[in-house]
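Subject: Handing over the structure we discussed

Dear colleague,

I am passing the structure on to you with this message, and what I found in it follows below. Please keep the sequence and the 3D view open beside the text while you read.

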Amino acid sequence: PGPTGASGAGNGVGGALRRAEGGAGARGAPRCGDEGAADGGAGSRQAGGRGAIWMALSNRTGRLLLTTGNKSEIATGYGTLYGDMAGGLAVISDVPKTLVYRLARAINERVLSSGGGSGELIPRSTMTKAPSAELRPNQKDQDSLPPYDLLDAVLEAHMEQGMDTGALIAAGFAAAVVGEVGRGVRISEDRTRQIATARESTGTALAPGRGGPSHGPRSLGVT
């Protein structure tokens, strides 16, 4: 079961959850942020190669490159600097993965209802297949992350409702899950501070930034 209300004091991204790392993770459980360890970093090099190509095209055409990382992935270190994090605007960096899916379905429904065409703007297969960064054959996001509905519930409770470790466990989240998510958040804090200018959606955006025409008047920051 997930939490039903806020409890405890939040200490920032990774703050209160840091205490959960020691002893909370179960042996053999997925390790948040370790997606590149199994292949010696080959997956990160692949993502970096794609990022270099995208940035080259952006520079040549003068168009703004949008990063592809969402909040669930970035918060737990499931992203590659200069790879999927490359770009000038992190347009969905404050949007949880489960909300990304809901937005994709809503966009398709809007296109169909408006008579914009008989096909889907966003292929349904991208929403029905198991989430994967395609870093290697048969790789799945859940090899190193909890299921996204669970991950997003933990992140929302901590980051937006201010729940600390004890409150998360008291609310029904397994200690092992809280520990793994906390570990992922802690070891990825350096990367969350290096993402592109972020579009704020929830009020708890990950990256620092300054207000401007590209993303609105409010400053972004870790709270």
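Helices and strands here are runs assigned by DSSP, at least four residues for a helix and at least two for a strand, and they are numbered from the N terminus. With that in mind, the pattern along the sequence reads α-α-α-β-α-α-α-α-α-α-β, which amounts to nine helices and two strands.

Please remember throughout that this is a predicted model. The average pLDDT of the protein is 76, and 71% of the residues score at least 70. Residues 1-30 have a pLDDT below 50, although this stretch has 70 contacts in the model beyond near neighbours in sequence. The pLDDT is also below 50 over residues 209-223, a stretch with 32 contacts beyond near neighbours in sequence. I would therefore read both ends with care, given that pLDDT is the predictor's confidence in each residue, from 0 to 100.

Turning to the protein as a whole, 41% of its 223 residues are buried, and about 11,300 Å² is exposed, of which carbon and sulfur atoms supply 54%. Among contacts between residues at least 6 apart in sequence, 69% join residues at least 24 apart.

The helix I looked at in most detail is α6, which covers residues 148-160. Its 13 residues reach 17 Å from the first C-alpha to the last, close to the 18 Å expected at 1.5 Å a residue. Which residues of α6 are buried? They are Y148, L151, D152, V154, L155, A157, H158 and M159, and what covers them includes α3 (71-75), α4 (97-113), α7 (165-170) and α8 (175-187). When you look at how these positions are spaced, it may help to recall that an α-helix has 3.6 residues a turn, so residues three or four places apart point the same way.

The largest nonpolar core has 24 residues, and those that touch the most other members are L151, V154, L155, L168, F173, V181 and I195. Helices α3, α6, α7 and α8 each supply at least two residues of this core, and α6 gives the most, with six residues. To follow one member, take L155, which touches S72, A75, E160, V181 and V185 when residues up to four places away in sequence are not counted.

Next come the charged pairs. Side chains of opposite charge can pair when their charged atoms come close. The structure holds four salt bridges, and one of them joins the side chains of D94 and K71, at 2.9 Å from N to O. This pair links distant parts of the chain, since D94 sits in the loop between β1 (89-90) and α4 while K71 belongs to helix α3, 23 residues apart. Both D94 and K71 are buried.

Another salt bridge joins K97 and E73, whose closest N and O atoms are 3.2 Å apart. Because K97 lies in helix α4 and E73 in helix α3, this pair ties together parts that are 24 residues apart in sequence. K97 counts as buried because its relative accessibility is 13%, and E73 counts as buried because its value is 9%.

Is the salt bridge partner R124 buried or exposed? R124 is exposed, with a relative accessible area of 53%, and its closest N and O atoms with E120 are 2.7 Å apart. E120 itself counts as partly exposed, at 30% relative accessibility. Salt bridges that share partners also join K71, D94 and E160 into one network.

Finally, a few backbone details deserve a look. Most residues other than glycine have a negative phi. Y82, which is not a glycine, has a positive phi of about 65°; Y82 lies in the loop between α3 and β1 and is exposed, with a relative accessible area of 62%. N138, also a residue other than glycine, has a positive phi near 65°; N138 is found in the loop between α5 (125-128) and α6 and counts as exposed at 68% relative accessibility. After α6 comes G162, with a positive phi near 80°.

With best wishes

Terms used:
Residues numbered from 1 in each chain as written. Heavy atoms only, no water. Contact = heavy atoms within 4.5 Å. Buried < 20%, exposed > 50% of the residue type's maximum accessible area, 1.4 Å probe, protein only. Areas by Shrake-Rupley, 256 points an atom, 1.4 Å probe, with all protein chains shown as cover. Expected span 1.5 Å × (residues − 1). Core = buried A, V, L, I, M, F, W, Y, C linked by side-chain atoms within 4.5 Å.
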